[in-house]
Amino acid sequence: MKKPLWIWIVSLGLIAFSPWTRPALAETPTGYVRGILTQVMALQNDPAQSAQARSQAIHRIIERNFDFALMAKDSLGPAYERLSGGQRQEFTQTFSYLFQDSYTRLVINFLKKENIQYGRETSDGNKARVETTIARTNENIPVTYLMHTTPQGWVLYDVIVDGVSILQNYKTQFGQVIRTKSFEFLLNKMQEQRRAIQ
């Protein structure tokens, strides 16, 4: 079965939500996710927002609600441990920028006026998982949000859309490039992409 466009947008992220105030940790994981999605949907459906203003606002929501340091580390797997401090910092900054850009476009193009249903919430130590479903006329798309606690509150580190983990996609692609080329080749390609969209 042909994958919908948004799957390919996520998959090609190699070559990519906070309220304006970070919610208190006492808020449930489901409440945290609901707050993010409510604000994104409000932005998407506000006719007073220009396309540029909407994109910038959604970009800020993504920037504040994902743990990019953890995601960058996990996306490289064992290769991360072999990097110098400078390489780690450079990769994390580049990864963060590209993820924010691609996920902003994904949200703008994919999430419109859908009916979002909230399902099971599970917790394990400082981690939590919230299952949701985007209900459309002809399809139901499961979306699961993975998060963990920080001193500032909940923060996301992965989103699984219709069984596809965004973080795992990056890990697979990055690992393949590093095995067949090198980390330096991967970073150079990512930096080229960043310069092209800045």
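**View 1. Helix α7 has an exposed side and a buried one.** Start with Arg-195 and Ala-196, which are exposed; they sit on the other side of α7 from the buried residues of this predicted model. Those buried residues are Phe-183, Leu-186, Leu-187, Met-190, Gln-191 and Gln-193. Looking down the axis of α7, you'd find the buried residues within an arc of 160°, so they line one face of the helix. The cover over them includes α4 (68-76), α5 (85-110) and α6 (166-180). As for length, α7 takes in residues 183-197, and at 1.5 Å a residue its 15 residues should span 21 Å; the end C-alpha atoms are 22 Å apart, which agrees.

**View 2. Helix α4 keeps its buried residues on the same side.** Here the ones to pick out are Phe-68, Met-71, Ala-72, Ser-75 and Leu-76, the buried residues of α4. Around the axis they take up an arc of only 125°, so they end up on the same side of α4. That fits the usual helix geometry: with 3.6 residues a turn, residues three or four places apart in an α-helix point the same way. Among the elements covering the buried residues of α4 are α3 (51-65), α5, β4 (153-161), α6 and α7. Just after the helix comes Gly-77, with a positive phi of about 60°.

**View 3. Phe-91 and the largest nonpolar core.** This core has 54 residues, and the ones touching the most other members are Phe-66, Leu-76, Phe-91, Phe-95, Phe-99, Tyr-103 and Met-147. Helix α5 gives the most to the core, chipping in 9 residues. Zoom in on Phe-91 and, setting aside neighbours within four places in sequence, you'll see contacts with Ala-72, Ser-75, Leu-76, Phe-174, Phe-183, Leu-186, Leu-187 and Met-190. Some of these are familiar from the earlier views: Ala-72, Ser-75 and Leu-76 are among the buried residues of α4, while Phe-183, Leu-186, Leu-187 and Met-190 are among those of α7.

**View 4. Helix α2 is largely enclosed.** Of the 16 residues in α2, 12 are buried, so the rest of the structure largely encloses this helix. The buried set is Pro-29, Thr-30, Gly-31, Tyr-32, Val-33, Ile-36, Leu-37, Gln-39, Val-40, Met-41, Leu-43 and Gln-44. Helices and strands both help to cover them, including α3, α5, β1, β2, β3 and β4. The helix runs over residues 29-44, and its expected span at 1.5 Å a residue is 22 Å; with its end C-alpha atoms 23 Å apart, the model agrees.

**View 5. The open sheet has 5 strands.** Their order is β1-β2-β3-β4-β5, and the pairing is antiparallel. At the edges are β1 and β5 (164-165), each pairing on one side only. Strands β1 (residues 115-124) and β2 (residues 127-135) are joined by 8 bridges, and Gln-117 stands opposite Thr-133 in β2. Their hairpin leaves 2 residues between the strands, and Gly-125 there takes a positive phi near 65°. Moving along the sheet, 9 bridges link β2 to β3 (residues 140-150), with Asn-140 in β3 as the bridge partner of Ala-135.

**View 6. Arg-60, a partly exposed residue in helix α3.** You'll find Arg-60 in α3, where its relative accessible area of 34% makes it partly exposed. Thr-104 is 44 residues away from Arg-60 in sequence, yet the two are 9.2 Å apart in space, C-alpha to C-alpha.

Key:
Residues are numbered from 1 along each chain as its sequence is written. This is a predicted model: local features need pLDDT of at least 70, side-chain atom pairs count only at pLDDT 80 or more; totals for chains, interfaces and linings use all residues. Side-chain values use heavy atoms; hydrogens and water are left out. Helices (H or I, at least four residues) and strands (E, at least two) are DSSP runs, numbered from the N terminus. The expected span of a helix is 1.5 Å times one less than its number of residues. Buried means under 20% relative accessible area, exposed over 50%, partly exposed in between (1.4 Å probe, protein chains only). The arc is that of the directions from the helix axis to the C-beta atoms. Contact means heavy atoms within 4.5 Å. Two strands pair if DSSP finds at least two bridges between them. A nonpolar core is a set of buried Ala, Val, Leu, Ile, Met, Phe, Trp, Tyr and Cys residues joined through side-chain atoms within 4.5 Å.
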